[in-house]
Amino acid sequence: QVQLVESGGGLVQAGDSLRLSCAASSRTFSSYRVGWFRQAPGKERESVANISASGSITSYTDFVKGRFTISRDNAKNTVYLQMNSLKPEDTAVYYCAVRVRPLGSYDYWGQGTQVTVSS
């Protein structure tokens with residue numbers, strides 16, 4: 001069982017930055033891939049970025065490339081999402097999730113943190 005807690009969301013203006021954090025309870029957190037997802041009102045949840053267990057491999061969805069950076073500090077059991085040049089269309093609830101198995105869907109999810117970007 002892995003418990004995840006996101007934080008760092010808020011209300012900002014277009015062009016501003018935010019850093020989201022995802023803190024995990026599991027001592028084996030460093031063994032798992034972690035992803036950030038988001039869901040806007042009336043839309044399906046979508047992938048934003050993910051990072052390998054070691055942190056050496058990252059992947060981003062096209063609409064955040066060059067603006068968002070995912071990173072992790074395994075000593076602190078925490079994954080971060082640095083979001084720069086925020087746009088109103090980035091407004092959503094952001095979730096982090098952990099994939100325990102090598103492949104397949106994500107197994108554990110946090111409760112989400114709201115990010116609102118005003119124009």
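**Strand 8 and its surroundings**

Strand 8 is largely enclosed by the rest of the structure, because five of its six residues are buried. The model is a predicted one, and the description below starts from this strand and then turns to Gln-13.

Strand 8 belongs to an open sheet of four strands, arranged in the order 1-3-8-7 with antiparallel pairing. The edges of this sheet are strand 1 (residues 4-7) and strand 7, each of which pairs on one side only. From one strand to the next, the twist averages 15°.

Strand 8 pairs with strand 3 in the antiparallel sense, over six bridges. Within this pairing, Leu-20 is placed opposite Leu-81 of strand 8, and Cys-22 is placed opposite Val-79 of strand 8. The pairing of strand 7 with strand 8 is likewise antiparallel and also spans six bridges. Here Phe-68 faces Met-83 of strand 8 as its opposite residue. Strands 7 and 8 form a hairpin, with four residues between them. In the turn of this hairpin, Asn-77 has a positive phi of about 55°.

The largest nonpolar core comprises 28 residues, and those that touch the most other members are Trp-36, Leu-81, Met-83 and Tyr-94. Two or more residues of this core come from each of strand 3 (18-24), strand 4 (33-39), strand 5 (46-51), strand 7 (68-73), strand 8 (78-83), strand 9 (92-99) and strand 11 (113-118). Leu-81 was examined further for its contacts beyond four places in sequence. Leu-81 touches Leu-18, Arg-19 and Leu-20, and also Phe-68, Thr-69 and Ile-70. The remaining contacts of Leu-81 are with Trp-36, Val-48, Ala-49 and Tyr-94. Trp-36 and Tyr-94 are thus both contacts of Leu-81 and, with Leu-81 and Met-83, among the residues that touch the most other core members.

Gln-13 was considered separately. Gln-13 lies in strand 2, which covers residues 10-13. Gln-13 has a relative accessibility of 53% and therefore counts as exposed, the cut-off for this class being over 50%. When residues up to four places away in sequence are not counted, Gln-13 touches Val-117 and Ser-118. Gln-13 and Leu-86 are separated by 73 residues in sequence, while their C-alpha atoms are 7.6 Å apart in space.

How values were computed
Residues are numbered from 1 along each chain as its sequence is written. This is a predicted model: local features need pLDDT of at least 70, side-chain atom pairs count only at pLDDT 80 or more; totals for chains, interfaces and linings use all residues. Side-chain values use heavy atoms; hydrogens and water are left out. Buried means under 20% relative accessible area, exposed over 50%, partly exposed in between (1.4 Å probe, protein chains only). Contact means heavy atoms within 4.5 Å. A nonpolar core is a set of buried Ala, Val, Leu, Ile, Met, Phe, Trp, Tyr and Cys residues joined through side-chain atoms within 4.5 Å. Two strands pair if DSSP finds at least two bridges between them. Axes are lines fitted to C-alpha atoms, for helices over the stretch in contact, and angles run from 0 to 180 degrees between N-to-C directions.
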